[in-house]
Amino acid sequence: MGGIRTFDAPDELTAAAADLVLDAARGAVRDRGRFTWCLAGGNTPAMLYRKLASEPYAARFPWDRTHVFWGDERWVPSDDPDNNAKMAREELLSRVPIPQENIRPIATAGIEPEASAAAAERAVRALLGPGLRPDLVLLGLGEDGHTASLFPGTTALGERTALFAANRVPILDAWRITATLPLLNAARHIAFLVTGTPKARALRQVLFPGAETMVLPASMVRPTDGKLTWLLDREAASLLPHTA
Ligand code: 6PG
């Protein structure tokens, strides 16, 4: 499967997203004995994480064979409300029997941004092995077309060898640690989860770029050898050509 899937009701979208993750997990465990999953940050995925922590998903999911890491982290303490790992722990990871050693958060305390990116890279390289191919990368979309913490015009967008980068984001006046395109695009399956009218314009520009528009970061995310799925609600898809 793959492609662009649009849903009217939020619970239909959430169920479809949960089915996608469960299918990816079961297939990975069947084929390779484990599931490596790059989690998205921001607010949108919270509904998906809550769904996976509930029945019937929680009981059917191969948590003991699941390994998670993050596609990005804000440069805030782990107990900060804006911390991506905090949200995922609260909505999912603390509610399911995933082994603690299978959870690889990005460090944001007692370390400099560059060193944190290097540590994240070491951990993910050790996890993925030489193939470096995450089974599933879950991503969101910002209103400016950013994804993970690859913001328009920022340095990390140009990274072609490292898997993680410390990225200074001027518009936020903040550091972010982010997976880079080499890591994201190595995925067997990339799934974007996008909801809400505010994302509609960026989504159209990403999916149907006009010649005049700047190439948005999310447009640069496409698996080298894998599936790409867009899971959308009606509002986010509202500016797409009806053929989509
Ligand atoms: C982050 C995310 C980021 C997010 C988009 C959308 O750390 O913020 O990685 O890329 O997916 O900003 O965020 P919302 O889901 O909150 O709209």
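This short talk goes through the ligand site, the two largest pockets and two backbone features of the structure above. Please keep in mind throughout that what we have here is a predicted model.

Let me begin with the ligand. There are 15 residues around the ligand, and the closest of them are Thr-44, Asp-72, His-146, Ala-148 and Lys-199. If we sort this shell by residue class, we find two nonpolar, nine polar and four charged residues.

Which atoms of the protein come up against the oxygen atoms of the ligand? In the case of Thr-44, an N or O atom of the side chain is 2.6 Å from a ligand oxygen, and in the case of Ala-148 a polar backbone atom is 2.6 Å from an oxygen atom of the ligand. Asn-84 also takes part, with a polar side-chain atom that lies 2.9 Å from a ligand oxygen. As for how much of the ligand is covered, the ligand taken alone exposes 410 Å², and 89% of that area is buried by the protein.

That brings me to the pockets, since the space that the ligand takes is the largest pocket. The volume of this largest pocket is about 580 Å³, and its lining is made up of 34 residues, with Gly-41, Gly-42, Asn-43, Arg-74 and His-146 lying nearest the centre. Two or more residues of that lining come from each of strand 4 (72-74), helix 4 (84-93), strand 6 (136-139) and strand 9 (189-194). His-146, then, is named both among the residues closest to the ligand and among those nearest the centre of the largest pocket. By class, the lining of the largest pocket holds 15 nonpolar, twelve polar and seven charged residues.

The second largest pocket has about 310 Å³ of volume. It is lined by 18 residues, and those closest to its centre are Leu-20, Asp-23, Ala-24, His-189 and Lys-227. Which elements give two or more residues to this lining? They are helix 1 (10-32) and strand 10 (227-233), and helix 1 gives the most, with ten residues. The lining of the second largest pocket divides into five nonpolar, four polar and nine charged residues.

Finally, I would like to turn to the backbone. As general background, most residues other than glycine have a negative phi, and most peptide bonds are trans. Against that background, the bond between Glu-55 and Pro-56 is a cis peptide bond, with omega at about 5°, and Pro-56 belongs to the loop that runs between helix 2 (46-52) and helix 3 (57-60). The second case is Leu-132, which is not a glycine and yet has a positive phi of about 55°. Where is Leu-132 placed? It is found in the loop between helix 5 (113-128) and strand 6, and strand 6 is one of the elements that we met in the lining of the largest pocket.

Technical notes:
Residues numbered from 1 in each chain as written. Predicted model: local features only at pLDDT ≥ 70, side-chain atom pairs only at ≥ 80, totals over all residues. Heavy atoms only, no water. Near = heavy atom within 4 Å. Polar contact = N/O pair within 3.5 Å; in protein donor to acceptor, adjacent residues only side chain to side chain. Areas by Shrake-Rupley, 256 points an atom, 1.4 Å probe, with all protein chains shown as cover. 1 Å grid on protein atoms, 1.4 Å probe; cavity = no way out; pocket = protein on both sides within 12 Å on 5 of 7 lines; lining within 4 Å. Sits in = over half its atoms within 2 Å of the grid points. Nonpolar A, V, L, I, M, F, W, Y, C, P; charged D, E, K, R; others polar. Points joined across faces, edges and corners; volume = space filled by probe spheres on them. Helix = DSSP H or I, 4+ residues; strand = E, 2+ residues; numbered from the N terminus.
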